[in-house]
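Hi,

Here is the structure I promised to pass on. Have a look at it first, then read my notes below.

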Amino acid sequence: MSDSDAIPVTLRRAWPLAAGTVLLGALWLGPLPAMSRTAFSPHMVLHLGLVGVAAPLVAFGLLRMNLLPRGRVTVAWAVAASLLDFVIVWGWHTPGLHELAARHPPYFVVQQAGFLVAGLAVWGVAFADRSRAAAAAGLLAMLTTFMHMTMLGVLLTLARTTLYADDVCRGAFGFDPLEDQQFGGVLMTVAGGVPYLCGGAVLAWRLLEDADADAR
């Protein structure tokens, strides 16, 4: 293969990583970080854009470029990735840590880095290997992550009072503080689970294809 032929192949492999990196720049350098300091729903838009769109793009790009380790994926790895995501996501949505990140930029950076690492862990483990066992483990990671994201979204949606201090939960997009918090919960409940359902559907399809191939 000539050098000129290798360049398009490299570009095709790299496009998810490039797209994910551009999206991260748009999310972190746009208006959402400043808005999320005083309102909950912009924080949730930022969070979901990061873990549900940017993280899988970056993970797929790193895997395609062989920049993430590939190998035998086990149920233990899937559980560990999901547990890491659960601890980071739920932890940063407790009132104390959420308010800390909203008020202090260094903690906001730590929060956002944690979301990205957790997202990369889940998506990287789920799609690191194409074997049947890996697909089953990845499906477990997708489903458990979907469940805990949805549970958190439901809790936020059904809350009858604001969970966060007034200075970090003033409302946005025309919503009062409680409506804004509930809107953020709706976003997490609905939009937060869709990427993981889609990822789980892909892995379930792989399992069905493998079963069909064995049957033939």
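Phe146 sits in helix α7, which runs over residues 132-158. Keep in mind as you read that this is a predicted model. Phe146 has a relative accessibility of 22%, so it counts as partly exposed. Leaving out residues up to four places away in sequence, Phe146 touches Gly193, Tyr196 and Leu197. Try finding Gly200 too: Phe146 and Gly200 are 54 residues apart along the chain, and their C-alpha atoms are separated by 9.2 Å.

Now for the empty space. The structure holds one cavity of 30 Å³ or more. The largest cavity has about 50 Å³ of space in it. Its lining is made up of Ser36, Arg37, His43, His98, Ala101, Ala102, Phe108 and Gln111. Two elements, α5 (95-103) and α6 (105-126), give two or more residues to that lining. The largest share, three residues, comes from α5. Sorted by class, the lining has three nonpolar, four polar and one charged residues.

One of those lining residues is Ser36, so here's a little puzzle: is Ser36 buried or exposed? Ser36 is buried, because its relative accessible area is 4%, and the cut-off for buried is under 20%. You'll find Ser36 in helix α2, residues 32-36. Setting aside neighbours within four places in sequence, Ser36 is in contact with Pro42, His43, Leu46, Ala102 and Phe108. His43, Ala102 and Phe108 also turn up among the residues lining the largest cavity.

Have fun clicking around!

Technical notes. Residues are numbered from 1 along each chain as its sequence is written. This is a predicted model: local features need pLDDT of at least 70, side-chain atom pairs count only at pLDDT 80 or more; totals for chains, interfaces and linings use all residues. Side-chain values use heavy atoms; hydrogens and water are left out. Helices (H or I, at least four residues) and strands (E, at least two) are DSSP runs, numbered from the N terminus. Buried means under 20% relative accessible area, exposed over 50%, partly exposed in between (1.4 Å probe, protein chains only). Contact means heavy atoms within 4.5 Å. On a 1 Å grid over the protein atoms alone, a cavity is a set of points where a 1.4 Å probe fits but cannot get out, and a pocket is an open set with protein on both sides within 12 Å along at least five of seven lines; lining residues have an atom within 4 Å of a point. Grid points are joined across faces, edges and corners, and a volume is the space filled by probe spheres set on the points. Ala, Val, Leu, Ile, Met, Phe, Trp, Tyr, Cys and Pro count as nonpolar, Asp, Glu, Lys and Arg as charged, and the others, Gly among them, as polar.
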